[in-house]
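Got the viewer open? Here is a walk through the model, stop by stop, with something to select at each one.

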Amino acid sequence: MRQTIAAGLFLLMLLFLPPWLRAEEPAPREDASPQPLQTRQTAPEDGSGSDAAHTLRLWDGSAVQTLTAAEYLPGVVRGEMPATFEIEALKAQAVAERTYLYYRMAGGGKANHPDADVCTDSNCCTAWLSEEDARAKWGGKFDQYEAKVQQAVTETDGQVVLYNGRPILAVFHSSSAGRTAAAGDVWSGDLPYLVSVDSPEGEETVPNYYSTVTFTAAEAKGLLAQAHPELTFSGGPDKWFGAVERSTGGGIARIEIGGQWIAGTELRRLFSLRSTDMELVPLTDGVQITTHGYGHRVGMSQYGARTMALQGSDFEEILLHYYSGARIEQLRR
């Protein structure tokens, strides 16, 4: 009974995690084909490459707002990364967010809001926290945190991450467990700049770096059978789980359960787990699952970015580490 209650509380807790910690970005689309952007190494003197010179359409859940990138970007930095993080990590987040914005505006991917470029739903685009909501959330530390957010945006004004002259799908996640995952390990295809790389964060710096949840045999069987009625469950849980294949990033690529192969990404979804980097331990009447890190583990690790910043890396070094073979350039109108 205690195991059942614990599992239920864990799943309930996941539903109410803040957007920045969920860090669940849209998967790459097979039809994603962003157009080349005009860029230059330094900002144009007339200010045409600045965030203030570019407008976008934002769907806020009820209406479409027209904002400049300068007005929009602080909201996504507030919503997606803790303002307590080091300034170079926040700058990396700002550039990643700006890049993702132009990826969408250049025609990359599909969205659920055809009349807008981006939205405030983290399950579709990225989270967005208004100044008013940030004041309520941060209380007496608002001025301190807001200054860091604004600094991160203004000191990277107009800078984007490109691959072959096109804005990249600048996805990110909360934390990895030693290595990030390649795009093809998680989604339907590879992207040359989203490959598995080392990530320096660890259990000393990441809250809940290791997380363990226990399901009874009945709970585990029910979740699996609902999605895969063809599975066979003979004997106890120690007989259900077979061979495991792992990706280069360390996550479970696929696992044999009940005589069938199931992708690690699907197993994570079925059990509402924090990561595909997991260990399964069959019990007498259940299964214990321990995950490492949090998120899909593709692209920039936010806690990895923080660790790199603490070690002296600037935002460019952070971004070029996580987005292999890419370049950072100044957008121009």
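Before the first stop, one cut-off: a disulfide here is a pair of cysteine sulfur atoms within 2.5 Å. This is a predicted model, in which local features need pLDDT of at least 70, side-chain atom pairs count only at pLDDT 80 or more, and totals for chains, interfaces and linings use all residues. Residues are numbered from 1 along each chain as its sequence is written, and side-chain values use heavy atoms, with hydrogens and water left out.

**Stop 1: the cysteines**

Select cysteine 119 and cysteine 125. The sulfur of cysteine 119 has its closest cysteine sulfur in cysteine 125, 3.7 Å away, which is too far for a bond. Now add cysteine 124: the nearest cysteine sulfur is again that of cysteine 125, at 3.9 Å, and cysteine 124 is in no disulfide. In fact, the structure holds zero disulfides.

Are these residues buried or exposed? Buried means under 20% relative accessible area, exposed means over 50%, and partly exposed is in between, using a 1.4 Å probe and protein chains only. Cysteine 119 is buried at 3%, and cysteine 124 counts as buried too, at 8%.

**Stop 2: strand β2 and its partners**

Next, select residues 55-59, which make up strand β2. Strands (E, at least two residues) and helices (H or I, at least four) are DSSP runs numbered from the N terminus. Show the side chains and you will see them alternate: Leu56 and Leu58 point to one face and are buried, while Thr55, Arg57 and Trp59 point to the other and are not. That fits a general pattern: in a regular strand the side chains alternate between the two faces of the sheet.

Two strands count as paired if DSSP finds at least two bridges between them. Add residues 64-68, strand β3, which pairs with β2 in the antiparallel sense over five bridges. Look for leucine 58 facing glutamine 65 in β3. Together β2 and β3 form a hairpin with four residues between them, and glycine 61 in the turn has a positive phi of about 100°.

On to β4, residues 118-119, which pairs with β2 in the parallel sense over two bridges. Here you meet a residue from the previous stop: cysteine 119 in β4 stands opposite tryptophan 59.

**Stop 3: β5 and β15**

Select residues 159-163 (β5), joined to β15 by four bridges in an antiparallel pairing. Leucine 162 has arginine 327 in β15 as its bridge partner. β15 itself, residues 327-331, is mostly covered, with four of its five residues buried.

Now click on asparagine 164, in the loop between β5 and β6 (166-167). What is phi of asparagine 164 near? It is near 55°, a positive value in a residue other than glycine. Asparagine 164 is exposed, with a relative accessible area of 64%.

**Stop 4: two open sheets**

The first sheet to pick out has three strands in the order β8-β13-β12, with antiparallel pairing. β8 (210-216) and β12 (278-283) stand at the edges with a single partner strand each, so one side of each is left without a neighbour in the sheet. Between β12 and β13 (residues 286-292) there are six bridges, and leucine 283 stands opposite glycine 286 in β13.

Another open sheet runs β9-β10-β11, also three strands and antiparallel. Its edge strands are β9 (241-246) and β11 (260-263), each pairing on one side only. Four bridges join β10 to β11; find isoleucine 255 and you will see isoleucine 262 in β11 opposite.

**Stop 5: the largest cavity**

A cavity is a set of points on a 1 Å grid over the protein atoms alone where a 1.4 Å probe fits but cannot get out, and lining residues have an atom within 4 Å of a point. Grid points are joined across faces, edges and corners, and a volume is the space filled by probe spheres set on the points.

A search of the whole structure finds two cavities of 30 Å³ or more, and the largest has a volume of about 50 Å³. Among its lining residues are Ala181, Asp185, Ser247, Ile252, Thr276 and Arg297. The elements that give two or more residues to this lining are α7 (183-186) and β10 (252-257).

Finish on arginine 297, in the loop between β13 and β14 (300-301). Arginine 297 has a positive phi of about 70° although it is not a glycine, and it is buried, with a relative accessible area of 1%.

Note on methods: On a 1 Å grid over the protein atoms alone, a cavity is a set of points where a 1.4 Å probe fits but cannot get out, and a pocket is an open set with protein on both sides within 12 Å along at least five of seven lines; lining residues have an atom within 4 Å of a point.
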